[in-house]
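User: I have a new model open and would like to learn how to read it feature by feature. Could you walk me through it?

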Amino acid sequence: MALQGVNLPLAFTGQEAIWQKVFQDFNVSSKDLNDFFGGPAFLAWARMGNLHGWGGPLTQNWLDQQLRLQKHILSRMIELGMTPVLPSFSGNVPAVFRKIFPTANITRLGDWNTVNGNPRWCCTYLLDPSDTLFVEVGEAFIKQQVEEYGDITDIYNCDTFNENSPPTNDPTYISSLGAAIYKAMSKGDKDAIWLMQGWLFSSDAAFWKPPQMRALLHSVPIGKMIVLDLFADVKPIWKTSSQFYGVPYIWCMLHNFGGNIEMYGMLDAISSGPIDARDSQNSTMVGVGLCMEGIEQNPVVYELMSEMAFRNQKIQPEAWLKSYSYRRYGQAIPQIEAAWTILYHTIYNCTDGIADHNKDYIVQFPDSSPFLTDSQLSKEGWIQKLPTLEQNHRFSFRETNANVPQPHLWYSNKEAIKALKLFLIAGNDLVGSLTYRYDLVDLTRQVLSKLANQVYLDVMIAYHSNNASAVTLYSHKFLELIEDIDTLLASDDNFLLGTWLESAKNLSVNKNERRQYEWNARTQVTMWYDNTKTNQSKLHDYANKFWSGLLKGYYLPRASTYFSYVSRSLEENGNFPLEEWRKDWISYSNNWQAGTEVYSVKAVGDALAISKSLAAKYLS
């Protein structure tokens, strides 16, 4: 991070150990916290008050280990000249607080994405910032951190209203809440500065209108708050809020959701947006930032974004990419430069304003009966080809599901295939380059995953035209693509499920922890949250990954089982047994989440040979 110019990093590790000590002083036992903290793979959402207990409880070993790690991290950050950002109190309290402090103003929040409002996981408790107890807890938390780490920073993060609106839109009340939050910080550290995500102004724009925004932003002295314009790469708030009404802000790129693996970006916006913001009239921009949910994808995007911290003029991406490819691969190759030019104008030129969250059918399989939307039918010309579909008992044009994922495609896959073929031509000149291998595998995966989306729709079309042989043909092709992409991904160390699982298990000190950590790791990238026997988690596949092992071990059985039900319902001339399939699939998923089978942590196969073979098989 230091080499990329990062000087204000978040330092959130180990905070549960601090909370344990603070809450003990408020008569909360360690046992009471078992249902409060989230598991190791779900800490962020428990910290934000979205959920509690899911994936837990945290062992004392985990708490102690993470606190030790945090002290190492902070020491290194300070050594490198960074200013760490520490967490502060947002109001999230254990359920037992209601009993210990019966007169305190504690609100139970609404459900956040459980299947049926299960109180075991949902509906956390929020201590109102207007309550005097809020300031006591907030002050104690800051002081406990200073006691543990020393006086190392004055900047603290707090996001009380992240996906959680205040109880009233009265600006006076909102102002008082902000003042109370800051008071809790400043009593613990008289020089405290509040760093706040601006995500709420984007995600809940209907609530945060100008009077409410201004009330919150001006609830603390100017200069004592810094706002992260979190989604400035797509929906910059500074433009519509008069520069956050005079409050300093950081221009941030969000870019990625769920740590999904998808080639995607907006190089034009990144190369010009920060400069436009800084040069604008009455600008209050004080820096640039990266706020992705996952960073291990799209290296070109993060390389350019971090470079913008050093730039005072806009970059011309096409020229910059020539330099980038030379630095990345160690030599200038005309075919590679031409390929990057194509990628710049296609994959890395998303201008439709849609936040990219990978919904490719392989990794986010539709949880519905076989479907086609009107636009898909029209696009394929099937409205003309299948005039009797309207009467088919399986389907009508109005039988569409708004919740069915629609893969995001903002460019021509034919152009991406041209770029891939140029990459393949250059392969013999780049043997041994790990960066080339990564990019080649990723681009081949990108092209084939988009092809698989079309093959999936071919299955749906065949089903709705009562064509059993075509259903079989395209189903097999879809499943074959999953297997082939898994083989491709296995040829590069950066696309392995085993790495994720083994790193989780390696944190354990006993068998129980090992099972718990592996379950956390497996669950986060698959079902994610709670389910019933017939209802998948509302967040299933949120953190989907194109990883070898996950495709063959999880996505392949899902698609295979589903297509077997599709074929059977066609043969029996009956309705698709959606609930039966869901029971079957959810049972498999839950068993997989609890599984212990070992996945490889070493790459196998020749990536260039595999990519050439798959290109010849599918793209010639």
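Analyst: Happy to; we will go from the overall fold to the sheets and then to the core. Keep in mind that this is a predicted model.

User: Let's start with the whole chain. How many helices and strands are there in the protein?

Analyst: The protein has 24 helices and nine strands. To judge the overall packing, set the radius of gyration beside the globule rule: here it is 26 Å, close to the 25 Å that the rule gives for 620 residues, so the protein is as compact as a globular protein of that length. Along the principal axes, the C-alpha atoms fill a box of roughly 70 × 55 × 50 Å.

User: What share of the residues counts as buried, and what part of the accessible surface belongs to carbon and sulfur atoms?

Analyst: Of the 620 residues, 58% count as buried. The accessible surface comes to about 25700 Å², and carbon and sulfur atoms hold 51% of that. Sequence separation is another useful guide: among contacts with a separation of 6 or more, 76% are between residues 24 or more positions apart.

User: Now the sheets. In what order do the strands of the open three-stranded sheet lie?

Analyst: The order is β2-β4-β3, with antiparallel pairing. To find the edges, look for strands with a single partner: β2 (92-93) and β3 (106-108) each have just one, so one side of each is left without a neighbour in the sheet. Between β3 and β4 (residues 125-127) there are three bridges, and I106 stands opposite L127 in β4.

User: Which strands run parallel and are joined by five bridges?

Analyst: Those are β8 (residues 249-253) and β9 (residues 285-290). One bridge to locate on screen pairs W251 with V288 in β9. For a parallel pair, follow the connection too: from β8 the chain passes through helix α11 (residues 267-279) to reach β9, in a right-handed β-α-β crossover.

User: And how do I read the core? Which residues touch the most other members of the largest nonpolar core?

Analyst: Look for the best-connected members. In this core of 187 residues they are F201 and F478. Helix α18 (residues 434-464) gives the most to the core, with 16 residues. Leaving aside residues up to four places away in sequence, F201 touches M196, W208, M213, L216, L217, V227, I237 and F244. Another core of 12 residues lies apart from the largest one, with A41, A46, L51 and W54 among its members.

Notes:
Residues are numbered from 1 along each chain as its sequence is written. This is a predicted model: local features need pLDDT of at least 70, side-chain atom pairs count only at pLDDT 80 or more; totals for chains, interfaces and linings use all residues. Side-chain values use heavy atoms; hydrogens and water are left out. A nonpolar core is a set of buried Ala, Val, Leu, Ile, Met, Phe, Trp, Tyr and Cys residues joined through side-chain atoms within 4.5 Å. Buried means under 20% relative accessible area, exposed over 50%, partly exposed in between (1.4 Å probe, protein chains only). Helices (H or I, at least four residues) and strands (E, at least two) are DSSP runs, numbered from the N terminus. Contact means heavy atoms within 4.5 Å. Two strands pair if DSSP finds at least two bridges between them. The radius of gyration is taken over C-alpha atoms; the globule rule is 2.2 Å times the number of residues to the power 0.38. Accessible areas come from the Shrake-Rupley method with a 1.4 Å probe; for residues, only the protein chains shown count as cover. A crossover is right-handed if, with the strands pointing away from the viewer, the path from the first strand over the helix to the second runs clockwise.
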